[in-house]
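Visitor: Could you take me on a close look at one part of this structure? I'm a first-year student, so please explain the terms as you go.

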Amino acid sequence: MDLKLKYYLQIANNALILSHRLSEYCSRAPFLEEDLANTNVALDLIGIAEATLEQAAILQGKGLSGDDLAYRRPENEFYNTLLVEQPNKDFAYIVVRQFLTDAYHVAFFSELTKSKDPFLSALAYKSIKEVTYHLRRSSEWMVRLGDGTEEAHVKVQTALDSLWKFAKEFFKETDADIFMQNMGLGADLSKVETAWNQKIREIYIMATLKYPPLNDSQVYGGKEGKQSEHLGHILAEMQFLTNKYPDAKW
């Protein structure tokens, strides 16, 4: 696969799959205002995914659309991290998954504004405003739960301990990451990771949460198309209409 195309798909797939997970939680948040906020974050992520997939379709040059890349690709051609496809076990899991991703998005898009690729640079400048809000919201929830009641603290710490093994995949360099960085088109993931770690530690201290050990084991594979069983279930639902009615127009 063209490495530039794969890079675009990595960005788009993270946003698309996480937005789907958030949409599954619609109407189930603790209160109405939070339900609306959660849904708005999902819509922002869909916007990022849609714009990037449309550009990826143009780059591919096969006459396909962004919708084709979203709804007609097999599981092994999705390059999202394993973290974003993890299930919505409870509100604490949703908050932790979102916080880890939001901190990455802010650091990543901040670096991507330096890209020599006009589309990626424009995408980064537009997205940074949205993901900064996302991070502020999820950070506040991390502190509210972590430094809240004993039950809330235990739940958010349990979620963190469970999801942490997926967190570092954001910074696992693929051939596409290396190529794009060397060409001055992609983000420097070492700088992204440094900024991410700083933000993570800051919020953990405020939330009185225990930071995972430095020698923690990590699980990788999503960015190379080696997904968990969860993505198959997501795609079965998300791609149902296009698979059932392949000639449908809307």
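Guide: Let's look at helix α4 and its surroundings, and then visit a few other spots. This is a predicted model, where local features need pLDDT of at least 70 and side-chain atom pairs count only at pLDDT 80 or more, while totals for chains, interfaces and linings use all residues. Residues are numbered from 1 along each chain as its sequence is written, and side-chain values use heavy atoms, with hydrogens and water left out.

Helix α4 covers residues 91-112. Helices here are DSSP runs of H or I with at least four residues, and they're numbered from the N terminus. Two packed helices are described by the angle between their axes and the distance between the axes. For α4 and α6 (residues 150-167), the angle is about 45 degrees and the axes are 8 Å apart. The axes are lines fitted to C-alpha atoms over the stretch in contact, and angles run from 0 to 180 degrees between N-to-C directions. The two helices are therefore oblique to each other; that's the word for whatever is left once you take out angles under 35 degrees (roughly parallel), over 145 (roughly antiparallel) and 65 to 115 (roughly perpendicular).

Who meets whom? On the α4 side you'll find Ala-92, Tyr-93, Val-96, Arg-97 and Leu-100, and among their partners in α6 are Val-156, Leu-160 and Trp-164. Contact means heavy atoms within 4.5 Å. The residues of this contact divide into 10 nonpolar, two polar and two charged. Nonpolar covers Ala, Val, Leu, Ile, Met, Phe, Trp, Tyr, Cys and Pro, charged covers Asp, Glu, Lys and Arg, and the others, Gly among them, are polar.

Leu-100 also turns up in the largest nonpolar core, which has 80 residues: Leu-100, Phe-108, Phe-109 and Tyr-204 touch the most other members. Helix α4 gives the most to this core, with 15 residues. A nonpolar core is a set of buried Ala, Val, Leu, Ile, Met, Phe, Trp, Tyr and Cys residues joined through side-chain atoms within 4.5 Å. Buried means under 20% relative accessible area, exposed means over 50%, and partly exposed is in between (1.4 Å probe, protein chains only).

Now slide along to Phe-108. Not counting residues up to four places away in sequence, Phe-108 touches Tyr-7, Ile-11, Ala-187, Leu-189 and Val-192. Leu-112, also in α4, is buried, with a relative accessible area of 0%. Leaving aside neighbours within four places, its contacts include Tyr-7, Ile-11, Leu-120 and Ala-187.

Tyr-7 leads us on to another packed pair. Helix α1 (residues 3-24) packs against α7 (residues 175-182) at about 110 degrees, with axes 8 Å apart, and these two are therefore roughly perpendicular to each other. Tyr-7 is one of the α1 residues in this contact, and Phe-179 is one of those from α7.

Back to Leu-112 for a jump across the model. Leu-112 and Asp-216 are 104 residues apart in sequence and 28 Å apart in space, C-alpha to C-alpha. Asp-216 lies in the loop between α8 (189-206) and α9 (229-238), and at 18% relative accessibility it counts as buried. That loop also holds Thr-208, which is partly exposed, with a relative accessible area of 42%. Most residues other than glycine have a negative phi. Thr-208 isn't a glycine, yet its phi is positive, about 55 degrees.
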